[in-house]
Amino acid sequence: MTKATDKNLIVGLDIGSSKVAVLIGEVLPDNQLNIIGVGSHSSKGMDKGGVNDLEAVVKSVQRAVHEAELMADCQISSVYLGISGKHISCMNEKGMVPINEDEVTQEDVDNAIHTAKSVRLKDEHRVLHVLPQEFAIDYQEGIKNPIGLSGVRMEAKVHLITCHNDMARNIVKCVERCGLKVDQLIFSALASSYAVLTEDEKELGVCLVDIGAGTMDLSAYTGGALRHTTVIPYAGNAVTSDIAYAFGTPLGDAENVKIQYGCALGQLVSRDDTIEVPSVGGRPARSLQRQTLAEVIEPRYSELLSMVKAELDELRDKLKKQGVKHQLGAGVVLTGGAAQMEGIVECAEQILQCQVRVGKPERVAGLTEYVQSSTYATAVGLLHYGRENRYERFTDDKTPGSVSNLLKRVKSWFQGEF
């Protein structure tokens, strides 16, 4: 078994509330991502993005990593790690600096971004990502790459994503207990956007909603830049709980019934369809109409999507006050495990009043048959992120995602990441 360092390999680790996913990708000479290892295991010890049983999480991660290593025939030593949870928050900030020479240099850009991100954070929070939106030089606004332009003063607009120190430290500790190093922590919705969104969608305006088991992660783009990120701590597990209580079936069986027969819009289900629902305590399984199941699922999905709509309405008002035109011309893209529900697109279009599609991972080769589901959006996105930022490394005393590699930063303007 070869070591990952012997090849140009990148590893993405997504520790969700219901599943741990590990992907090993090889960066080919043409910069294409070739997936050579996939590991998946049910997640224990995680809830809504937070660790509530460290040893249980460690065991889940170890099993998923071992499976991926066997498939790829290599031994990994470090991972790009996704993070979520309601402790994630965001800010849009500005920083202005005088231009030292006749034209803008990299140092001017660094200074402007440093000024923009030098704001007071919530207690016990730290910066996770600094994402440039655009620059302005004197009276000219909307500049994507200011280097080489002339002017007197330059302003940088950035999007800051922050996380709670202890929440981040706990999930990193789980990975380190497995003998692995964390290359960088990445907000899950940001990673997912690398896998499922196109540049045209980001330019037109799009909201990505990653619906997992424990959280819904939102990231909204307009004008090619990330404007808003948030985490709603309710998602697919709420639907599973409703099924379990409505039909008196164990949570594990309720999850299986949801996946196999669930539909988010009752009118799409035939009245003639019947399903078998397991019971508890050794009682015999019961036969029910599938439409009855849909009548339990639809109100909960409607509620979850209404939370998304409320968030988008609030964002629209906020950006309007900031002078940013917020038009979701490309609509909403749903991804994540709970986005695989039949009828979710039709249900979402009714509530959100815009075009909706389900996003699946793209721009990868190799073992694509394993990862073509929206369940793997975050894990595939971590690989894309790692490929484009693999010269950056995460350490506790350095802000992840901060400005530290000049050449990478110039390239990264067009990818929305610093």
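The following exchange goes through a predicted model, from the overall chain to its sheet, one helix and some side chains.

Trainee: How does the radius of gyration of the protein chain stand against the globule rule for 418 residues?
Mentor: The chain holds twelve helices and 21 strands. The globule rule gives 22 Å for 418 residues, and the chain is close to that, so it is as compact as a globular protein of that length. Its radius of gyration is 22 Å.

Trainee: What share of the residues of the protein chain counts as buried?
Mentor: The C-alpha trace spans about 80 × 50 × 40 Å along its principal axes. Buried here means under 20% relative accessible area. Of the 418 residues, the share that meets this is 55%.

Trainee: Which strands stand at the edges of the open sheet of six strands?
Mentor: The pairing in this sheet is mixed, and the order is S13-S8-S2-S3-S4-S21. An edge strand has a single partner, so one side of it is left without a neighbour in the sheet. The edge strands are S13 (181–187) and S21 (365–366).

Trainee: Which residue in S21 stands opposite Asn34?
Mentor: Strand S4 covers residues 33–42 and runs parallel to S21. Two bridges join S4 and S21. The residue opposite Asn34 is Ala365.

Trainee: How many residues of H11 are buried?
Mentor: Helix H11 takes in residues 377–388 and reaches 17 Å from its first C-alpha to its last, close to the 16 Å expected. The helix is mostly covered, and its buried residues include Gly381, His384, Arg387 and Glu388. Of its twelve residues, the number buried is twelve.

Trainee: How many disulfides does the count come to?
Mentor: A disulfide needs two cysteine sulfur atoms within 2.5 Å. The sulfur of Cys174 is 7.5 Å from its closest counterpart, in Cys178, which is too far for a bond. For Cys347, the nearest cysteine sulfur is that of Cys263, at 8.9 Å. The count is zero.

Trainee: Is Cys174 buried or exposed?
Mentor: The cut-off for a buried residue is under 20% relative accessible area. Cys347, at 1%, is buried. Cys174 has 0% relative accessibility, so Cys174 counts as buried.

Trainee: Which residue lies over the face of Tyr376?
Mentor: A lysine counts as over a ring if its NZ is within 6 Å of the ring centre and within 35 degrees of the ring normal. Lys202 lies over Tyr194 in this way, at 5.6 Å from the ring centre. Over Tyr376, at 4.4 Å from the ring centre, lies Lys19.

Key: Residues are numbered from 1 along each chain as its sequence is written. This is a predicted model: local features need pLDDT of at least 70, side-chain atom pairs count only at pLDDT 80 or more; totals for chains, interfaces and linings use all residues. Side-chain values use heavy atoms; hydrogens and water are left out. Buried means under 20% relative accessible area, exposed over 50%, partly exposed in between (1.4 Å probe, protein chains only). Helices (H or I, at least four residues) and strands (E, at least two) are DSSP runs, numbered from the N terminus. The expected span of a helix is 1.5 Å times one less than its number of residues. Two strands pair if DSSP finds at least two bridges between them. The radius of gyration is taken over C-alpha atoms; the globule rule is 2.2 Å times the number of residues to the power 0.38.
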